[in-house]
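Here's a quick briefing for anyone opening this structure for the first time. Have a look at it, then read on.

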Amino acid sequence: MTAPEPPGCPVAHGGSLPGGLPVGVPLTPLYGPAVAEDPHGLYARLRERYGPVAPIELEPGVEAWLVLGYAELLELTRNEALFSKDSRRWRVPAEGRLAADSRLQPMTSWRPTLLNLDGAEHQRLRAAVADTLAQIDHRQLRGTTEAAANGLIDSWGPDGTADLVAQYARRLPLLVFTQLLGLPTDAGPHLIRLINDISDSGAESVRANQEFHAVLVDLVQRRRAAPSADLTSWLLAHPAALTDEEAVHHLVVMMVAGNETTICWTGNTLRLLLTDRRFRATLTGGRLTVSDALEEVLWRDPPTQNFPGRWATSDTVLGGQYISQGDLLVLGLAAANADPAAQGVSAAAHGSLGGNRAHLAWGAGRHVCPAQHPARIIVETAVETLLHRLPDLQLAVPPGELTWRPSPWSRALTALPVLYSAFTPPRPPAPERPAWTPPTPEPAPSPSDSTPSAATSTPRTPDSARPVPRSWWNSLAGWWSGR
């Protein structure tokens with residue numbers, strides 16, 4: 001009797017293979033325990049065996065290429081003529097080899113969005129999304145996120161324990177996104193379950209995708225009839241004149257990609273700070289900042305580790321591999337970041353990448369993520385608020401007991417249990433302070449005769465102070481907690 005292959009080992013494929021590879025060439029599964037438990041080891045083994053581009057299997061009978069090389073991924077994303085974003089070019093479904101209920105459908109099905117188009121049409125839709133996101137007030141976004149974070153922390157029980165994934169990272173972005181998009185707040189728990197199912201390419205992903213689509217169709221119809229000050233209304237009012245269908249699909253992109261990325265980025269940053277003594281010491285000592293931690297996470301454990309993808313428009317060569325027309329190429333973002341040619345073996349070993357933003361966590365080329373700046377504000381504020389409120393935060397389990405979600409796309413913890421001793425009160429708004437003026441060239445008076453300099457700055461307007469809608473956020477956080 002033949003022993004089963006261990007997780008992550010290549011399996012022989014009996015059908016047609018990408019690039020004309022002969023039948024029997026082993027394909028490494030990009031699913032199952034190996035992707036969740038040790039993706040970095042998996043990518044290293046693929047790189048050692050195949051070089052910068054490796055043949056993989058996305059699900060039984062569905063082959064693809066994983067682009068592991070930094071330079072190769074840049075070439076892939078910058079050459080639209082050879083590598084298109086249009087998934088209708090994929091030869092696997094054209095040959096009838098992708099089941100209607102395949103778990104890959106939600107991530108690879110063509111939609112009329114900036115993710116699936118090239119050229120002028122992509123630029124039209126990207127401009128609509130980028131201009132809509134640019135209308136977000138960053139100061140207000142930071143205040144909204146801080147208030148939401150404080151509300152969640154206040155809702156935790158008195159026992160000094162919490163799960164920073166379930167009770168913080170997974171709830172916080174949705175509290176912010178529901179307000180940004182104009183969604184009703186009571187839709188939160190249902191939406192987050194749907195997004196989880198879609199992102200994990202799990203058994204429920206097809207049903208979840210259809211249900212989530214219906215929620216957003218209703219939102220677009222309501223905002224078309226009654227616009228408001230939210231992302232949905234701004235998107236519909238953009239000069240690009242998106243149809244209702246286009247608007248719905250772009251809300252899917254913003255909600256799923258933005259929400260999931262923010263959740264994973266927050267959780268992975270908190271994990272770094274709780275498990276990496278070197279980084280925690282340099283942070284508390286003032287030599288590094290939370291922003292440095294965010295960048296190091298984008299290098300080491302980016303929220304999106306792999307992303308589909310690009311489709312070859314003709315036969316070509318990439319990274320020494322022969323690519324056939326219609327082949328799917330998956331962007332190995334985490335693998336490309338770990339390419340020794342990109343960061344140097346020494347830097348990777350010592351983790352000295354915090355101030356370097358040359359990573360590919362946001363993609364590259366014309367399809368680079370347009371939402372990275374709002375996402376950064378949300379995550380940075382979430383981490384800073386938590387560290388301020390719970391300065392003695394520590395991991396409640398050994399780091400080796402932390403587990404990851406079994407997704408080939410997202411890099412996300414299943415839980416992050418922590419201990420803390422007491423709450424620190426929320427940081428109050430900064431007091432109004434008069435501006436300093438230089439002294440007049442007269443002899444300095446004695447301390448008893450001195451008077452304070454007059455203020456020369458214009459006082460802040462009432463709406464310029466940091467918003468702290470404590471009561472509303474507290475009640476909403478209580479609803480999240482079941483109170």
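What follows is a short tour of a few helices, strands and single residues. Keep in mind that this is a predicted model. The tour starts with strand E4, where 6 of the 6 residues are buried, then turns to helix H11, whose buried residues sit on the same side.

**Strand E4 and its partners**

- Strand E4 covers residues 62-67, and since 6 of the 6 are buried, the rest of the structure largely encloses it.
- Val62, Ala64 and Leu66 point one way from E4, while Glu63, Trp65 and Val67 point the other way, and all are buried.
- One partner is strand E3 (residues 53-59), which pairs with E4 in the antiparallel sense over 6 bridges.
- Within that pairing, Ile56 stands opposite Ala64 in E4.
- The hairpin of E3 and E4 has 2 residues between the strands, and Gly61 takes a positive phi there, near 85°.
- Another partner is strand E10 (residues 328-331), which runs parallel to E4 and is joined to it by 3 bridges.
- Here Val67 stands opposite Leu331 in E10.

**Helix H11**

- H11 takes in the 21 residues 205-225; at 1.5 Å a residue it should span 30 Å, and its end C-alpha atoms are 31 Å apart, so the two agree.
- The buried residues of H11 are Ser205, Ala208, Asn209, Phe212, Leu216, Leu219, Val220 and Arg223.
- These cover an arc of only 105° around the axis, which puts them on the same side of H11.
- As a bit of background, an α-helix has 3.6 residues a turn, so residues three or four places apart point the same way.
- Turn to the face away from the buried side of H11 and you'll find the exposed residues Gln210 and Ala225.

**Around helix H13**

- Helix H13 (244-275) follows a loop that comes after helix H12 (231-237), and Ala241 lies in that loop.
- Ala241 has a phi near 55°, a positive value in a residue other than glycine.
- With a relative accessible area of 52%, Ala241 is exposed.
- Asn259 lies in helix H13 itself, and at 0% relative accessibility it counts as buried.
- Which residues is Asn259 in contact with, leaving aside its neighbours within four places in sequence? They are Pro173, Leu174, Phe177, Ile192, Ile195 and Met254.

**A cis peptide bond**

- The peptide bond from Pro308 to Gly309 is cis, with omega near -25°.
- Gly309 belongs to strand E7 (residues 307-312).

How values were computed:
Residues are numbered from 1 along each chain as its sequence is written. This is a predicted model: local features need pLDDT of at least 70, side-chain atom pairs count only at pLDDT 80 or more; totals for chains, interfaces and linings use all residues. Side-chain values use heavy atoms; hydrogens and water are left out. Helices (H or I, at least four residues) and strands (E, at least two) are DSSP runs, numbered from the N terminus. The expected span of a helix is 1.5 Å times one less than its number of residues. Buried means under 20% relative accessible area, exposed over 50%, partly exposed in between (1.4 Å probe, protein chains only). The arc is that of the directions from the helix axis to the C-beta atoms. Contact means heavy atoms within 4.5 Å. Two strands pair if DSSP finds at least two bridges between them.
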